[in-house]
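I opened the file to look up how the parts of the chain meet and which charged side chains pair. My entries are below the display.

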Amino acid sequence: MPGRSALDFSASRPAWEGFLRGADPEAGKQLAANGKPGAGVQACIACHGPAGITPTGGIFPNLAGLSSEYLAKQLADFRSGTRVQPLMNTIARGLTEQEIGQVAAYYGTLAGPPMHVGEFGGEAARKLDVQGDGSRALPACANCHGLRGLGEGPLLPRLAGQSKEYFTDQMNAFRNGSRQNDDVGVMRAFSQRLTDSEIEALALYYAGPPPQPK
């Protein structure tokens with residue numbers, strides 16, 4: 001069953017869908033590797049790693065394992081300012097619509113990081129993932145993000161393998177309202193109902209062991 005999205009209830013289609021039509025992943029690979037220096041666009045691999053997996057964790061997300069649709073939407077949101085992060089706003093505005101589609105198409109072909117979901121974080125995190133907490137109107141994370149955080153449909157992203165720091169940073173951004181590009185405000189609402197310790201536990205649960213320096 002495909003993942004749910006606010007788009008399911010909309011008669012109009014978002015502009016970013018057009019960015020992906022006929023998008024060439026190979027052209028996206030070249031942009032990811034080389035950037036677009038004349039437009040202030042640094043190479044994606046500088047922060048996101050040569051295969052879309054950030055080598056040192058931290059607040060830079062893994063892009064490998066995310067769908068091309070999700071990535072195109074995020075880049076479009078950075079471009080419009082709907083999602084705010086100064087570096088990514090600059091990069092997205094330096095890309096054409098076609099180039100956004102190409103980069104998203106490329107990363108959408110890459111396999112995600114190794115799975116270690118559930119090895120850390122404890123029983124409380126596992127219950128939030130698979131059961132939620134009805135007393136607080138918290139659905140199971142798996143309802144939208146899939147079993148073991150593998151993602152559910154094109155716009156509900158994979159959580160498995162994202163770093164603890166990135167997960168925590170984004171949940172706090174939803175909580176404080178600095179990130180507002182979630183479908184109909186669902187993540188802003190759910191993040192408000194989680195405690196700091198629960199966010200930390202879920203971050204560990206999905207992340208697994210920290211990357212080891214090479």
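The entries go from the domains to one loop residue and then to the salt bridges.

**Entry 1: domains.** I noted at the start that this is a predicted model. I looked up the domain assignment, which gives domain 1 as 18-109 and domain 2 as 122-207. I took the centres over C-alpha atoms and found 23 Å between domain 1 and domain 2.

**Entry 2: the interface.** How many residues of domain 1 are in contact with domain 2? I found 16 on the domain 1 side, and they meet 12 residues of domain 2. The area buried between domain 1 and domain 2 is about 1,300 Å², and carbon and sulfur atoms carry 52% of it. I then asked which three residues supply the most of the area that domain 1 buries against domain 2. They are Ile59, Tyr70 and Arg83, with 34%.

**Entry 3: polar terms across the interface.** I searched for salt bridges between domain 1 and domain 2, and the rule returned zero. Polar contacts do occur there: I have 13 residue pairs between the two domains, with both residues at pLDDT 80 or more. Sorted by class, the domain 1 side that touches domain 2 consists of five nonpolar, seven polar and four charged residues.

**Entry 4: Ser163.** I located Ser163 in the loop that runs between α8 (142-145) and α9 (164-176). Is Ser163 buried or exposed? Its relative accessible area is 11%, so I entered Ser163 as buried, the cut-off being under 20%. A polar atom of the Ser163 side chain lies 3.0 Å from the backbone nitrogen of Tyr166. Leaving out residues up to four places away in sequence, I list Gly57, Gly58 and Ala207 as what Ser163 touches.

**Entry 5: salt bridges over the structure.** How many salt bridges does the structure hold? I count 10. Side chains of opposite charge can pair when their charged atoms come close. I took some of the pairs one by one.

**Entry 6: Glu97 and Arg79.** Glu97 and Arg79 form a salt bridge in which the closest N and O atoms are 3.8 Å apart. I placed Glu97 in helix α6 (residues 97-107) and Arg79 in helix α4 (residues 68-80), with the two positions 18 residues apart in the chain. Glu97 is partly exposed at 43% relative accessibility, and Arg79 is partly exposed at 28%.

**Entry 7: Glu200 and Lys164.** The N to O distance in the salt bridge of Glu200 with Lys164 is 3.9 Å. Why does this pair tie together separate parts of the sequence? Glu200 belongs to helix α11 (residues 196-207) and Lys164 to helix α9, so the bridge joins parts that are 36 residues apart in sequence. I looked up the accessibility of each: Glu200 is partly exposed at 32%, and Lys164 is partly exposed at 26%.

**Entry 8: Arg188 and Asp182.** I read 2.8 Å, N to O, for the salt bridge between the side chains of Arg188 and Asp182. Arg188 counts as partly exposed at 25% relative accessibility, whereas Asp182 counts as buried at 11%.

**Entry 9: a network.** Which residues are linked in a network of salt bridges? I recorded Asp133, Arg136 and Glu198.

Definitions and conventions:
Residues are numbered from 1 along each chain as its sequence is written. This is a predicted model: local features need pLDDT of at least 70, side-chain atom pairs count only at pLDDT 80 or more; totals for chains, interfaces and linings use all residues. Side-chain values use heavy atoms; hydrogens and water are left out. Domain bounds come from an automatic or database domain assignment. Contact means heavy atoms within 4.5 Å. Buried area is the accessible area (1.4 Å probe) that two parts lose on being put together, summed over both. A salt bridge is a side-chain nitrogen of Lys or Arg within 4 Å of a carboxyl oxygen of Asp or Glu. A polar contact is a pair of N or O atoms within 3.5 Å; within protein, one must be able to donate a hydrogen and the other to accept it, and residues adjacent in sequence count only if both atoms are side-chain atoms. Ala, Val, Leu, Ile, Met, Phe, Trp, Tyr, Cys and Pro count as nonpolar, Asp, Glu, Lys and Arg as charged, and the others, Gly among them, as polar. Helices (H or I, at least four residues) and strands (E, at least two) are DSSP runs, numbered from the N terminus. Buried means under 20% relative accessible area, exposed over 50%, partly exposed in between (1.4 Å probe, protein chains only).
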